[in-house]
Structure formats: structure tokens, C-alpha cells
Amino acid sequence: MSYARQFTLRTPAPVSSVSLADTNHLAVGSDDGTVRFYELPSPKVVKAIRGLECDVASIAWTKKDTGGQGPHEVWIGSGPTVHIFRLDSSKLIMGKEAAYSNLSLGQDKEDVLNGLSISDNQKHLAFSTDAGTVGVVDLPSCQIMRMKASHTLICSSVKFIPDRPSEIVSGGYDSALIHFDFKQGSLSSRFDIAAAPPTSGVSLSPPFILSLSVSSTGLVAATTADGRIWLGTGADKSSPAIKKKRSRKWEGLRESGGIFSQVADGPIVASAFTTPSTLITCTLLGKISQHIVSYDEEQIPRLETKWTATVVDLAKVNELDAAGEWMTVGGFSEDGKGCVEIWKLAKGPISAEQ
């Protein structure tokens with residue numbers, strides 16, 4: 001299915017992060033240290049946080065206990081610190097002082113946070129930083145664990161591995177994907193993405209890993225600054241080969257299980273799995289694409305682009321998120337102000353391009 005654009009949210013400062021908590025709760029973080037909350041499809045702000053000292057790089061949510069409605073807490077990465085706010089506060093506008101906890105995760109003030117991710121069991125928060133550090137916070141105790149191994153450049157993304165609650169995978173500007181078991185504090189596997197061969201004598205951008213997504217079945221998708229997707233199928237539970245052979249070791253970064261696909265001419269800055277086999281990507285200049293993963297008769301994976309569209313109001317894209325029937329794309333417009341385009345799943349047959 002394709003998406004249709006619904007409306008655009010506007011903010012005074014460029015949008016640096018967007019995060020959907022569930023089917024309709026949206027958080028929008030900006031460069032001026034503000035976070036606005038919405039309940040889609042309404043375009044009205046229902047709650048806001050302001051006064052954070054740095055831009056909002058990433059947002060993660062924890063849910064209420066069984067029977068509760070909506071998200072319970074929001075974890076906001078701003079500068080080297082993660083701020084934790086409870087959303088059941090009666091205040092409509094909260095300042096930094098309303099945070100019930102603040103954890104300094106960077107090594108210093110310059111080591112700012114990039115990616116945040118909450119585990120499926122909601123017991124751990126994974127984080128990545130500009131210095132290349134990858135770490136995990138135990139949520140009940142707020143104990144911080146930093147991995148001994150790290151990226152040599154900025155670590156842009158970190159994700160938990162489904163059904164493996166003590167394992168994470170990260171991607172960075174050193175073009176490396178690293179798999180950790182954080183309870184053991186060890187590096188379990190690694191894959192380094194090589195530069196693409198130059199075409200017609202023109203060398204493309206380095207293969208910095210700009211975004212990382214992991215599907216519920218274990219597919220890994222890393223998007224790069226040179227317009228490629230690396231798809232890791234070595235641990236995909238829907239793969240015919242994996243169904244026949246179960247492995248105790250996670251092999252999502254196994255080189256023989258991966259394929260490259262050149263899908264854009266420029267940087268692919270954001271990605272998200274919407275189903276176990278459907279990946280959404282977006283380039284810096286706003287080309288949105290929907291890709292389908294499948295296997296042929298010889299069990300060889302392939303990635304096919306089924307639908308593309310172009311943003312309307314955004315000049316540059318910083319982030320994308322998708323959940324349920326909604327897709328949100330955030331960045332800034334030609335005038336330098338922030339905006340988030342709200343897209344919704346459209347019923348009917350897929351059209352190749354919008």
C-alpha cells in the first residue's frame with residue numbers, strides 16, 4: 001500500500017527528530033530544544049517541553065502497564081544528556097526542571113547523543129554518541145553500561161535485536177555495523193561496508209551509515225550517504241533458509257546473507273520497517289521510497305522498490321518515522337523553519353510514483 005500526504009505541521013526552528021509512540025501519538029523535537037506532542041489526526045499541540053539546552057537528537061517512549069492507554073514516559077536525547085519526562089503530568093507546557101530524571105550519557109559536553117532505542121520488554125534503553133560510543137541504560141536502576149568496543153567516528157544509530165533482549169546492533173560514520181551482547185559487554189560480530197565502485201570516473205560519497213532499522217523478524221537495513229541500502233538477511237526468520245536451519249548465534253551481519261541496492265543518487269538519511277518485509281526510506285532531499293523484501297526460488301533475497309513520492313514542503317529531511325497507518329517526515333523548509341509532513345496509508349492499489 002502507498003501513502004498519501006495529509007497536512008504539514010510547522011515549527012519555528014528546524015525539526016531534528018520525529019517519533020511515533022504507537023498508532024497516533026507523535027513527538028516532534030526541534031533544534032531549539034523544544035518537543036511538541038500531537039495526537040493524530042489532529043494538528044493541534046496537546047503538550048510541549050521547552051528549555052532544553054541543545055537540539056533534540058532522538059526521542060524514545062515507554063508504554064504504560066497493561067491496561068493503560070497511550071505512552072507513559074518519554075526519553076529525550078538533547079546534547080550529552082537524556083531527559084526523562086512523565087506524560088501524565090497535568091502541565092501542558094513543561095520546562096527542563098519538570099524532568100524527573102536526567103542522565104549524562106556522553107563522555108563530555110561535546111559528545112552528544114544521536115540514537116535512542118527502547119527494548120521490546122521496556123527494561124533497557126540503548127544509546128549512541130558522536131564519539132562513537134554505544135551503551136545501554138538499565139531502566140529500573142538507571143545503571144549505565146558502555147560497550148568496550150566503539151565506532152571510530154560518529155555512531156548514528158543503535159537498535160535492539162528482536163527476541164534477543166541482551167543484544168543490540170549499531171551503525172556509524174566509520175561505515176561499520178557492530179553487534180554487541182551488552183550483558184557480556186562483548187562485541188559479537190561486525191560488518192564493514194566498503195565504498196561502491198566509482199561510476200563513469202565519478203566517486204560517490206563515502207558509505208557513512210546514516211540510518212539503521214531492524215524488522216520484527218530480524219532483517220537489518222542500513223542506509224548510506226552514497227545512496228545505497230545494505231540488507232542483512234542472515235537472521236531473517238521469514239527467510240526459507242533460516243526456517244530450515246535455526247542458529248543459536250545471531251547472524252544478521254553475516255556478509256554472505258547481505259545484499260546491496262543502489263536506490264538513490266544522494267544520502268538516504270532515514271528508514272523504518274512498516275511490516276516484516278516492507279521498508280520505507282527517505283533521502284536528504286525528500287524522495288520517499290517503499291521497498292519490499294522477498295526471496296526467489298533459490299532462496300536468494302531481493303529488494304524491489306514498489307512506490308516512491310516526493311515531499312512537498314520540506315527542503316531538507318532530517319528524520320522519518322512510521323507506525324500503524326501514519327508516516328511522518330521532519331526537517332526544514334526553504335525559509336529555514338521546521339516542518340513535519342504527515343502522510344497516511346492510502347487504500348487501493350499502489351501507484352508507482354506520486
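**Salt bridges and ring pairs, a quick tour**

Okay, let's start with a charged pair: Lys306 and Glu304 make a salt bridge, and their closest N and O atoms are 3.7 Å apart. Keep in mind that this is a predicted model. As for how open that spot is, Lys306 comes out at 36% relative accessibility, so we call it partly exposed. Glu304 is partly exposed too, at 37%.

There's also a network to look at. Arg5, Arg10, Asp313 and Glu341 are joined into one network by salt bridges that share partners. Over the whole structure, the search turns up 12 salt bridges.

Two others I'd like to show you. Asp192 pairs with Arg190, with the closest N and O atoms 3.0 Å apart. Asp192 has a relative accessible area of 42%, which makes it partly exposed, and Arg190, at 40%, is partly exposed as well. Then there's Asp226 with Arg228, where the closest N and O atoms are 3.0 Å apart. So, are Asp226 and Arg228 buried or exposed? Both of them are buried. If you're wondering about the general idea, side chains of opposite charge can pair when their charged atoms come close.

Right, on to the rings. How many aromatic pairs are there? The count is 6. One of them is Phe160 with Phe182, an edge-to-face pair at 6.2 Å centre to centre, with 85 degrees between the planes. Phe160 sits in strand 15, residues 155-161, while Phe182 is in the loop between strand 17 (176-181) and strand 18 (186-192), so this pair ties together parts that are 22 residues apart in sequence. Phe160 and Phe182 are both buried.

Next up, the tryptophans. Trp307 and Trp343 also go edge-to-face, 6.3 Å centre to centre and 75 degrees between the planes. Where do these two sit along the chain? Trp307 belongs to strand 26 (residues 301-310) and Trp343 to strand 29 (residues 338-346), so to speak distant parts of the chain, 36 residues apart, linked by the pair. Why do we call Trp307 buried? Because its relative accessibility is 0%, and the cut-off for buried is under 20%. Trp343 is buried as well, with a relative accessible area of 2%. Tyr3 comes into this too: ring pairs link Tyr3, Trp307 and Trp343 into a cluster.

Last item, a charge meeting a ring. The charged end of Arg86 sits over the ring of Tyr100, 3.9 Å from the ring's centre. That's my tour, thanks!

How values were computed:
Residues are numbered from 1 along each chain as its sequence is written. This is a predicted model: local features need pLDDT of at least 70, side-chain atom pairs count only at pLDDT 80 or more; totals for chains, interfaces and linings use all residues. Side-chain values use heavy atoms; hydrogens and water are left out. Rings of Phe, Tyr and Trp (its six-membered ring) pair if their centres lie within 6.5 Å; planes under 30 degrees apart count as stacked, over 60 as edge-to-face and the rest as tilted. Helices (H or I, at least four residues) and strands (E, at least two) are DSSP runs, numbered from the N terminus. Buried means under 20% relative accessible area, exposed over 50%, partly exposed in between (1.4 Å probe, protein chains only). A charge sits over a ring if NZ of Lys or CZ of Arg is within 6 Å of the ring centre and within 35 degrees of the ring normal. A salt bridge is a side-chain nitrogen of Lys or Arg within 4 Å of a carboxyl oxygen of Asp or Glu.
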